[in-house]
Amino acid sequence: MSEIKRMYVLASSVRSVTWGEARAKLFRDLIKGRSSYQIAESLNSSGVGCSVANIKKIMSGKSATVPLDFALSMCKALSINPYALLPLLEIVEAESSKILLT
């Protein structure tokens, strides 16, 4: 039986999350029909400063990247499971190396 090694990337070493249209669509699905105004209000009342214009950019997919610390704060303030929104990188080394990106 071959040995399996796993490598995980330390979140504190990652500065931002690639966003774009695919992640924006996922975000819109997770916020369940809330408007950009409602999102900004929820974030600001939770201490996560964000303008309506920035939320619109995030929701439309026009934002190429989002800082990881902001994305995690946004998930917490909006009660979104970060595992549902943010990509996970797991490198599995076995008989043949595979990179799994979810």
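Student: How many helices and strands does the chain have?
Tutor: This is a predicted model, in which local features need pLDDT of at least 70 and side-chain atom pairs count only at pLDDT 80 or more, while totals for chains, interfaces and linings use all residues. Residues are numbered from 1 along each chain as its sequence is written, and side-chain values use heavy atoms, with hydrogens and water left out. Helices (H or I, at least four residues) and strands (E, at least two) are DSSP runs, numbered from the N terminus. The chain has 5 helices and 5 strands.

Student: In which order do the elements run from the N terminus on?
Tutor: The elements of the chain are given here as α for a helix and β for a strand. Starting at the N terminus, they run β-β-α-α-α-β-α-α-β-β.

Student: Which element of the chain has the lowest mean pLDDT, and which the highest?
Tutor: pLDDT is the predictor's confidence in each residue, from 0 to 100. Its mean over the chain is 83, and 74% of the residues reach 70 or more. Among the elements, the lowest mean (51) belongs to strand E5 (residues 98-101) and the highest (96) to H3.

Student: What share of the residues of the chain counts as buried?
Tutor: Buried means under 20% relative accessible area, exposed over 50%, and partly exposed in between (1.4 Å probe, protein chains only). The chain has 102 residues, and the share of them that counts as buried is 29%.

Student: Where do the buried residues of H1 lie around the axis?
Tutor: The buried residues in H1 are Gly20, Arg23, Ala24 and Phe27. They cover an arc of only 105 degrees around the axis (taken from the directions from the helix axis to the C-beta atoms). They therefore lie on the same side of H1.

Student: Which elements do the buried residues of H1 pack against?
Tutor: Packing here rests on contact, meaning heavy atoms within 4.5 Å. One strand and several helices are involved. The partners are strand E2 (16-18), helix H2 (36-45), helix H3 (52-60), helix H4 (68-77) and helix H5 (82-85).

Student: Which residues is Ser36 in contact with, leaving aside its neighbours within four places in sequence?
Tutor: Ser36 lies in helix H2. Its relative accessibility is 10%, so Ser36 counts as buried. With those neighbours left aside, its contacts are Val52, Ile55, Lys56 and Met59.

Student: Which residue forms a salt bridge with Asp29?
Tutor: A salt bridge is a side-chain nitrogen of Lys or Arg within 4 Å of a carboxyl oxygen of Asp or Glu, and the whole structure holds 2 of them. In the bridge of Asp29, the closest N and O atoms are 3.2 Å apart. Both residues lie in helix H1 (residues 20-30), 4 residues apart, about one turn of the helix. The partner of Asp29 is Lys25.

Student: Is Glu21, which forms a salt bridge with Arg28, buried or partly exposed?
Tutor: The closest N and O atoms of Glu21 and Arg28 are 2.9 Å apart. Arg28 has 30% relative accessibility and therefore counts as partly exposed. Glu21 has 44%, so it counts as partly exposed.

Student: How many disulfides does a search of the whole structure find?
Tutor: A disulfide is taken as a pair of cysteine sulfur atoms within 2.5 Å. Cys50 counts as buried at 8% relative accessibility, and Cys75 counts as buried at 1%. The number of disulfides found is 0.
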